[in-house]
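Biologist: I should like to learn how to read the pockets of a protein model and the surroundings of a bound ligand. Could we work through one case together?

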Amino acid sequence: MQAKEIWDELQENKVDLVAVTKKRSLEKIHHIYSLGMRHFGENRVQELLSKKDELPDDIQWHQIGHLQRNKVKSIVDFIYLIHSADSFRLVKEINKQAKKIDRKIDILLQFKIAQEDSKYGFEIDKYDEIMGELISKNYTHVNIRGLMGMASLTDNENQIASEFHQLKEIFDECKKKYFSENSNFNILSMGMSSDYHIAIEQGSTMVRIGSALFS
Ligand SMILES: *Cc1c(COP(=O)(O)O)cnc(C)c1O
């Protein structure tokens with residue numbers, strides 16, 4: 001599918017799109033921009049900062065990959081959403097840096113849902129403890145907007161669907177227990193080029209798509 005078709009399809013389904021621009025040329029990114037996309041994601045801070053310098057100011061930048069604590073400072077003044085809040089120490093650091101500049105930062109908690117060993121993400125089995133612990137900190141400069149997860153790299157669609165389904169269930173549980181129905185805990189970031197249709201069926205509200213848009 002062409003980038004424009006994907007973009008139209010997502011808008012029809014009211015699913016938010018983060019166009020993943022990592023390793024893409026500025027020329028190609030300008031094309032995506034010209035179609036109307038404004039939410040762009042990068043997984044490395046260095047690349048994010050250099051792209052941001054070269055591209056229009058009305059782009060909303062998303063940090064989607066693992067974020068080292070010592071890099072938080074360099075994105076905290078402009079980042080739109082951090083999808084990869086994957087440890088207590090990182091959330092604490094985001095709050096600390098955000099407080100210094102008096103900005104409230106939107107974050108998603110990244111959970112491990114894949115079967116393969118992934119380094120980053122909170123343990124899904126402990127979601128209740130984790131959420132309880134984070135809420136109890138009363139961080140003033142961090143806004144927990146939802147959850148993020150990545151499914152296993154497999155051709156088995158049933159497995160992918162069940163991993164996304166698990167994250168959606170936990171998202172609903174967390175919302176019920178820790179947030180009010182009309183709170184802004186309302187973002188479920190799941191789905192990439194190869195599995196975004198499955199993710200949307202399972203209740204994703206935001207997909208992160210790179211290769212399919214740029215091929
Ligand atoms: C690269 C990346 C994506 C997009 O992957 P594609 O397969 O190119 O769509 C999504 N999420 C994260 C965290 C990524 O690093």
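**Reading the pockets and the ligand site**

Modeller: This is a predicted model. Its largest pocket holds about 860 Å³ of space. Lining this pocket are 36 residues, of which Lys22, Asn43, Met150, Met192 and Arg208 are the closest to its centre.

Biologist: Which elements each supply at least two residues of that lining?

Modeller: They are strand E5 (105-112), strand E7 (142-150), helix H7 (157-178) and strand E9 (206-209). E5 gives the most, with three residues. By class, the lining of the largest pocket comprises 14 nonpolar, eleven polar and eleven charged residues.

Biologist: What takes up the space of the largest pocket?

Modeller: The ligand does. Around the ligand are eleven positions to inspect, among them Val20, Ile64, Arg208 and Gly210. The shell divides into five nonpolar, four polar and two charged residues.

Biologist: Which side chains place a polar atom close to an oxygen atom of the ligand?

Modeller: One reads such contacts from distances between N or O atoms, with a cut-off of 3.5 Å. For Ser193 the distance to a ligand oxygen is 2.5 Å, for Lys22 it is 2.8 Å, and for Asn43 it is 3.3 Å. The ligand taken alone exposes 380 Å², and the protein buries 86% of that.

Biologist: What volume does the second largest pocket have?

Modeller: Its volume is about 220 Å³. Of its 14 lining residues, Asp16, Leu17, His39, Tyr80 and Met206 are the closest to the centre. Helix H1 (3-12) and strand E1 (16-20) each supply at least two residues of this lining, which has eight nonpolar, two polar and four charged residues.

Note on methods: Residues numbered from 1 in each chain as written. Predicted model: local features only at pLDDT ≥ 70, side-chain atom pairs only at ≥ 80, totals over all residues. Heavy atoms only, no water. Near = heavy atom within 4 Å. Polar contact = N/O pair within 3.5 Å; in protein donor to acceptor, adjacent residues only side chain to side chain. Areas by Shrake-Rupley, 256 points an atom, 1.4 Å probe, with all protein chains shown as cover. 1 Å grid on protein atoms, 1.4 Å probe; cavity = no way out; pocket = protein on both sides within 12 Å on 5 of 7 lines; lining within 4 Å. Sits in = over half its atoms within 2 Å of the grid points. Nonpolar A, V, L, I, M, F, W, Y, C, P; charged D, E, K, R; others polar. Points joined across faces, edges and corners; volume = space filled by probe spheres on them. Helix = DSSP H or I, 4+ residues; strand = E, 2+ residues; numbered from the N terminus.
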